[in-house]
Amino acid sequence: MISIPIAQPFIGDEEISAVREVLTSGRLTMGPNLDAFEEEFASFTGSEYAIAVNSGTSALICSLMAASVKGDIITTPFTFISSASSILFTHCRPVFVDIDDDYNINEEKIAESITDTTVALLPVHLYGNPCDARLLSDLAEDHDLVLIEDACQAHGAEIDGQKVGTFGIGCFSFYPTKNMTTAEGGMITTSDADIAEKIRLLRNVGQGSAYEYRALGYNLRMTELSAAIGRIQLKRLDEFNRIRIQNAGYLSERLQPVEGIEVPRVGKGKKHVFHQYTVRVTDSFPLERDELQKALMDRGIGCRVYYPEPLHHLPMFSSFTHTDLTQSEKASAQVLSLPIHPGVSRDQLEYIATCIGDLS
Ligand SMILES: *Cc1c(COP(=O)(O)O)cnc(C)c1O
């Protein structure tokens, strides 16, 4: 029996009445909630435009298509499948570059991996921890590359006060486990009017005004139900993130002294929003990572491994050459994420820390 789940969406009365209002209004898609949600999300991030779609995966695919890139795209193998499958969908080639101590892509290794056929960089702000997007945006500018940020885990994360998703084209997910949800949903942020326009066409069957088809497009629209939920979740996001950061701080304080457990590091000037709270279980811990996970699960703690296999091991990526990816492979064998979402109480955090201490 798991009594502390690894993730738990918070849906309150306001979300429920907003959905009821949409249902009774009769306007179920492409209505006032969508327009308002996009405007509010753009203003929250500080980007010029925000375009809502039906998932984070769609956000990534649309961004790559709208950027019209063809060639090699540098990304990390230590991430969720969509960061790299979106590259295959758009007929580009993924070039995997290894990660750093903070689990994000290593900027120095990116610089070494850029060639004449590189067209874009697709870093991920993994676990809600911003990667060095400012450096990457400079690098992209110097080499004339498109920068696409996979911010699907990093709503509200910042570097020196600037929100992620504004350094390049930002892709967000509102899947139920994320820092805010719309059930299913996604958002693209950009300050490029041309990219925004292309994404609007791609998401809505290429349609400008009614039956005026200006491009080839999919149907990737977000419903009014989702947009209505998203507007309320966005209002709650800062508070959700504040509790995540506080819970993470508490666990780190308790786990820091435990031999063989490495707590997450947050770089200077960065606001990490802890989509996941991930520790590294090193050789000096008496249990293997998988044994620790099992022991904690047996004690009712829903801990998970994100991600048990780096993407370059998957058959769909086997034909692509890549650089040395030792750190990603090592992380896959050592990481363990512990529950710190806003529904986890202080007593539960205390219990998690005590269990780990007892097993050490
Ligand atoms: C969740 C996630 C996605 C995909 O989002 P969906 O809404 O599930 O399609 C992409 N990249 C990362 C890093 C994610 O965590």
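**A walk through two strand neighbourhoods**

Start by selecting strand S8, residues 169-173, and colour strand S9, residues 186-190, alongside: the two pair in the antiparallel sense over four bridges. Keep in mind that you're looking at a predicted model. For a specific spot to zoom in on, pick Cys-171, whose bridge partner in S9 is Ile-188.

Now bring in strand S5, residues 146-150. S5 pairs with S8 in the parallel sense, over three bridges. Click on Glu-149 here and you'll find its bridge partner in S8, Gly-170.

Stay on S8 and switch on the side chains. Which way do its residues point? Ile-169, Cys-171 and Ser-173 go one way, while Gly-170 and Phe-172 go the other. Try a surface next: S8 is mostly covered, with five of its five residues buried.

Next stop, another sheet. Select S10, S12 and S13: they make an open sheet of three strands in the order S10-S12-S13, with antiparallel pairing. The edges are S10 (261-262) and S13 (335-338), each of which pairs on one side only.

Zoom in on S10 and S12, the latter covering residues 277-281; these antiparallel strands are joined by two bridges. One pair to label is Glu-262 and its bridge partner in S12, Arg-280.

Finally, add the helices. Show H8, residues 224-255, and you'll see this helix lying across S10, S12 and S13, at about 20° to S12. Then show H10, residues 326-334: this one lies across S12 and S13 and runs at about 100° to S12.

Key
Residues numbered from 1 in each chain as written. Predicted model: local features only at pLDDT ≥ 70, side-chain atom pairs only at ≥ 80, totals over all residues. Heavy atoms only, no water. Buried < 20%, exposed > 50% of the residue type's maximum accessible area, 1.4 Å probe, protein only. Pairing = 2+ DSSP bridges. Contact = heavy atoms within 4.5 Å. Axes fitted to C-alpha atoms, helices over the stretch in contact; angles between N-to-C directions.
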